[in-house]
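Let's take a walk through this model together. Have the sequence and the 3D view open side by side.

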Amino acid sequence: MLRRRTLIPIALAVLAAGGLAGCSSSSSSGSDAAAAAAGGSKSPIVACGDLALSGPYAQIGETDNWGATAYFDHINATGGILGHKVSYTVQNNQSSAAQSELIARKCILSDHAQFIVGPESGADTESALPIAIAYHTILISLSSGWQTNGYPASELNSWGFPGFYDVFYEDQLASVQQLIVPRHYTRVALLEDNCGSVCLANQGSVQKLAAQYGFKLVTTQIDQVGATDVTPQVLAMLAAKPQIILFGLVPGTDSVTAIRAIRAQNPNIPISECSACELPSFIAAAGGASVMHNIYVLGSMQDWLTAASQGTSTEAKLTAAGLQQYFTGMKAAGYTSANQLDNSQEGWDAGLEINWAVTQAGTLNETAVMQKLQHLDINTLGIVWARTPANYENISQVLAAMETIAPDGTATLYNG
């Protein structure tokens with residue numbers, strides 16, 4: 001099933017986009033590129049990944065890196081961007097805000113990166129974003145949401161951009177529309193991580209949905225990112241007698257820990273929506289496919305493709321075509337396992353944004369590219385952007401899917 005929503009633009013103070021490019025642009029401006037081209041070669045576009053390859057965010061960081069690597073490999077194999085190949089390297093921020101800031105500085109000052117891909121966490125982006133802004137370097141954050149992350153307004157419309165939609169909100173909306181309302185549930189529990197503003201915004205989002213759709217949020221329990229035991233929170237949730245538990249958790253170890261704790265107390269209560277929980281490695285860590293009974297999962301890329309292929313709208317067709325290219329590019333880069341294919345779209349999406357903006361600008365000048373990104377108008381694998389300088393997270397549609405895990409571990413589209 002496709003799910004859609006229209007985001008209402010929020011007026012924000014607009015930071016002037018002009019000014020000279022900082023240290024990251026000294027070796028990659030449009031004039032430098034032209035000079036290099038006249039000499040018979042074009043300088044590479046330098047992109048630097050600031051991603052978690054270890055720590056609580058590692059499952060996200062790893063898949064983001066696979067997607068970015070595959071996209072830049074794909075674009076290099078097809079002529080580059082404006083004839084420039086992309087040189088992409090990644091640094092492990094270890095799921096640490098302090099490391100994310102240090103890596104952002106290194107990317108800009110040592111590697112002379114024109115683009116930073118990541119970080120994948122709102123808290124880590126909060127540290128890296130001011131560095132990118134100070135040096136007029138474009139940062140494509142892969143954290144969930146943008147306006148709900150608690151960044152100052154001046155940072156929300158400057159040199160940093162969201163590379164993905166607000167997954168937490170969309171997960172809650174899908175759970176309401178596809179499970180809570182059709183099944184007439186009236187008592188709902190929420191388990192969320194204390195991973196910064198974007199996670200803690202879940203409670204307010206669910207409360208608004210409760211008022212709109214006529215159910216009650218009976219309890220909200222909060223755990224720490226990377227917690228190894230959430231049994232007290234689970235017992236408190238179940239004591240409130242919910243009919244379904246919603247997740248606002250960091251994909252990976254946090255979701256695994258929560259599922260294990262909930263299933264130890266109640267083997268059947270519905271759990272929704274579990275992001276990146278369709279990966280074979282996740283299912284194995286959670287205890288096997290049988291543990292995934294009555295758990296509703298944000299769909300894999302294959303099921304996104306299946307859902308989009310069933311659609312008849314122009315956007316559905318564009319989504320299907322983009323996903324076909326995604327699978328082709330991932331496999332060409334050597335990423336052929338379900339673990340690699342099913343959830344690496346965020347890194348690929350960041351590459352799509354960069355390619356679109358540079359191509360639209362017709363130059364590598366950061367200011368020109370940044371101004372194009374302020375008006376992003378593209379479908380990135382089902383995220384239909386309608387960005388404005390006042391609202392970088394303006395999205396007209398999100399085409400995604402919900403799925404369940406069968407006893408043999410395969411994923412199946414959930415259609416209600």
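What follows goes from confidence to helices, then to a small sheet and some aromatic rings.

Keep in mind that this is a predicted model. The chain averages a pLDDT of 89, and 90% of the residues score at least 70. Residues 1-40 are another story: the pLDDT there is below 50, although this stretch has 103 contacts in the model beyond near neighbours in sequence. Where pLDDT is low, the predicted coordinates should not be read in detail.

Now find helix H12, residues 301-309. Its buried residues are Met-301, Asp-303, Trp-304, Leu-305, Ala-307 and Ala-308. What covers them? The cover includes strand S10 (295-298) and helices H13 (314-332), H14 (338-341) and H15 (345-361). Strands S14 (402-405) and S15 (411-413) are also among the covering elements.

Helix H13 deserves a look of its own. With 19 residues at 1.5 Å a residue, H13 should span 27 Å, and its end C-alpha atoms are indeed 27 Å apart, so the two agree. Plenty of H13 is tucked away: the buried residues include Glu-315, Thr-319, Leu-323, Tyr-326, Phe-327 and Met-330. After H13 comes Gly-334, which has a positive phi, near 95°.

Next, the sheet. It is an open one with 3 strands in the order S11-S12-S13, paired antiparallel. Strands S11 (379-380) and S13 (395-398) are at the edges with a single partner strand each, so one side of each has no neighbour in the sheet. S12 (residues 383-385) is joined to S13 by 3 bridges, and Ile-383 has Val-398 in S13 as its bridge partner. While you're in this area, check Trp-385: Arg-387 lies over the face of its ring, at 4.6 Å from the ring centre.

On to the aromatic pairs, which come to 10. One of them is Trp-146 with Tyr-151, edge-to-face at 5.3 Å centre to centre and with 70° between the planes. How buried are the two partners? Trp-146 has a relative accessible area of 0% and is buried; Tyr-151, at 5%, counts as buried because the cut-off is under 20%. Tyr-296 and Tyr-414 also make an edge-to-face pair, at 5.3 Å and 70°. That pair links distant parts of the chain, with Tyr-296 in strand S10 and Tyr-414 in the segment after S15, 118 residues apart. Both Tyr-296 and Tyr-414 are buried.

Finally, ring pairs link Tyr-71, Phe-72, Tyr-88, Tyr-326, Phe-327 and Trp-348 into a cluster. Tyr-326 and Phe-327 bring us back to H13, where they are among the buried residues.

How values were computed
Residues numbered from 1 in each chain as written. Predicted model: local features only at pLDDT ≥ 70, side-chain atom pairs only at ≥ 80, totals over all residues. Heavy atoms only, no water. Buried < 20%, exposed > 50% of the residue type's maximum accessible area, 1.4 Å probe, protein only. Helix = DSSP H or I, 4+ residues; strand = E, 2+ residues; numbered from the N terminus. Contact = heavy atoms within 4.5 Å. pLDDT = per-residue confidence, 0-100. Pairing = 2+ DSSP bridges. Expected span 1.5 Å × (residues − 1). Phe/Tyr/Trp six-rings, centres within 6.5 Å; stacked < 30°, edge-to-face > 60°. Lys NZ or Arg CZ within 6 Å of the ring centre and 35° of its normal.
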